[in-house]
Amino acid sequence: MMWTWALWLFPLLCKFSLAALPAKPENISCVYYYRKNLTCTWSPGEETSYTQYTVRRTYAYGKKHDNCTTNSSTSENRASCSFFLPRITNPDNCTIEVEAQNADGVITSDMTYWHLEGIAKTEPPEIFSVKPVWGIKRMIHIEWIKPELAPVSSNLKYTLQFRTVNSTSWMEVNFTKNRRDTDQTYNLTGLQAFTEYVIALRCAVEESKFWSDWSQEKMGTTEEEAPCGLELWRVLKPAEADGRRPVQLLWKKPRGAPVLEKILGYNIWYFPENNTNLTETMNTTNQPLELHLGGESYWVSMISYNSLGKSPVATLRIPAIQEK
């Protein structure tokens, strides 16, 4: 009977003993904050007792080694440990493994391998100028300061995101700057005329999978140009006693026209369809505009203008009274 009881109890004791060991650290991830520190994190599992973690590192291409220790299972940073200068050299390869230890034993993670340039993360660039290039339409010129703490031996890749001030949808362009390139500028083209844009920039070491944070946003406006064409339509009113017809003209900017587009005024000319010699012209700065026309059909044309030029002509036909 005693032997049977022991056989039944033995698996339970083994299970209890194994359950008391710390969980094996998993999902190790490391980031090299350039010229600051090498920080590694991991998934610690659900610990039921005090657990100490030791991060074991080899560096200098395997020639040196050191440790980093967290000493409390209740610490907010218990699943993170950092190595600091001057014991970080770049470029370099290193190995990282995490050891978890509690009162019941020790368990070690799998060995992980890291190339520092592949996990380097820099500070964001600083944009100091976003402005139009006079004489070149629909373009803004962006200048920034390269992160002071960025590897001098590596090219930097950039993502530039931009949107109009009245939009929430960002667009992006990607480009790379050679490490020897002292010209930290970019010309963003294909934009809307006389429109204010919001710009942000981030960068990364060309070999790295980690991007910097986004820079502080800056705003700039593209150069103004001659106005876009108008959308023109009319409201026909009943003929008056003398046979003349009031026709109300209305117009608006076309869809997609720059929000900031400035209009100084409008030129209108109109004539009977069969007699261009009777052309009449007028200028206005306001709408709507009411014309008093005869009973025959007419053509009405209009342009808008600003200090840089005139818009394309918008033309509208006014049918004769007897036309359906």
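How many bridges pair strand 19 with strand 20, and in which sense do the two strands run? The close-ups below take a look at this and a few other spots in a predicted model.

**View 1. Strand 19 and its two partners.** Strand 19 and strand 20 (residues 280–284) pair over 5 bridges, in the antiparallel sense. You can spot one opposite pair here: Trp269 faces Thr281 of strand 20. Now look for strand 22 (residues 298–306), which also pairs with strand 19 in the antiparallel sense, over 8 bridges. In that pairing, Gly265 stands opposite Tyr305. Strand 19 covers residues 265–272, and 6 of its 8 residues are buried, so the rest of the structure largely encloses it.

**View 2. Arg245, a buried charge without a salt bridge.** Find Arg245 in strand 18, which spans residues 245–252. Arg245 is buried, yet it has no salt bridge. The nearest side chain of opposite charge belongs to Glu296, and it is 6.4 Å away. A salt bridge would need the two charged groups within 4 Å, so this pair doesn't qualify. But Glu296 still has a part to play in this view: the Arg245 side chain reaches the backbone oxygen of Glu296 at 3.1 Å. Leaving aside neighbours within four places in sequence, the contacts of Arg245 include Lys237, Ala239, His292, Gly295, Glu296, Pro319 and Ile321.

**View 3. Two cis peptide bonds, at Pro91 and Pro288.** Most peptide bonds are trans, so cis ones are worth a look. The bond from Asn90 to Pro91 is cis, with omega near 5°. Pro91 sits in the loop between strand 5 (80–84) and strand 6 (93–102). Another cis bond joins Gln287 and Pro288, and here omega is about 0°. Pro288 belongs to the loop between strand 20 and strand 21 (289–293).

**View 4. Positive phi at Tyr61 and Arg138.** Most residues other than glycine have a negative phi. Tyr61 has a positive one, near 55°, and you'll find Tyr61 in the loop that links strand 3 (52–59) to strand 4 (64–70). Arg138 isn't a glycine either, but its phi is positive too, at about 55°. Look for Arg138 in the loop between strand 10 (126–132) and strand 11 (140–145). Is Arg138 buried or partly exposed? Its relative accessibility is 33%, so Arg138 counts as partly exposed.

**View 5. The span that UniProt lists as a fibronectin type-III domain.** An unreviewed UniProt entry gives residues 124–225 as "domain: Fibronectin type-III". In the model, this span is 46% strand and 0% helix. Its end C-alpha atoms lie 34 Å apart.

How values were computed. Residues numbered from 1 in each chain as written. Predicted model: local features only at pLDDT ≥ 70, side-chain atom pairs only at ≥ 80, totals over all residues. Heavy atoms only, no water. Helix = DSSP H or I, 4+ residues; strand = E, 2+ residues; numbered from the N terminus. Buried < 20%, exposed > 50% of the residue type's maximum accessible area, 1.4 Å probe, protein only. Lys, Arg positive; Asp, Glu negative; His and termini not counted. Polar contact = N/O pair within 3.5 Å; in protein donor to acceptor, adjacent residues only side chain to side chain. Contact = heavy atoms within 4.5 Å. UniProt positions renumbered as here; feature names shortened; annotations may be inferred. Pairing = 2+ DSSP bridges.
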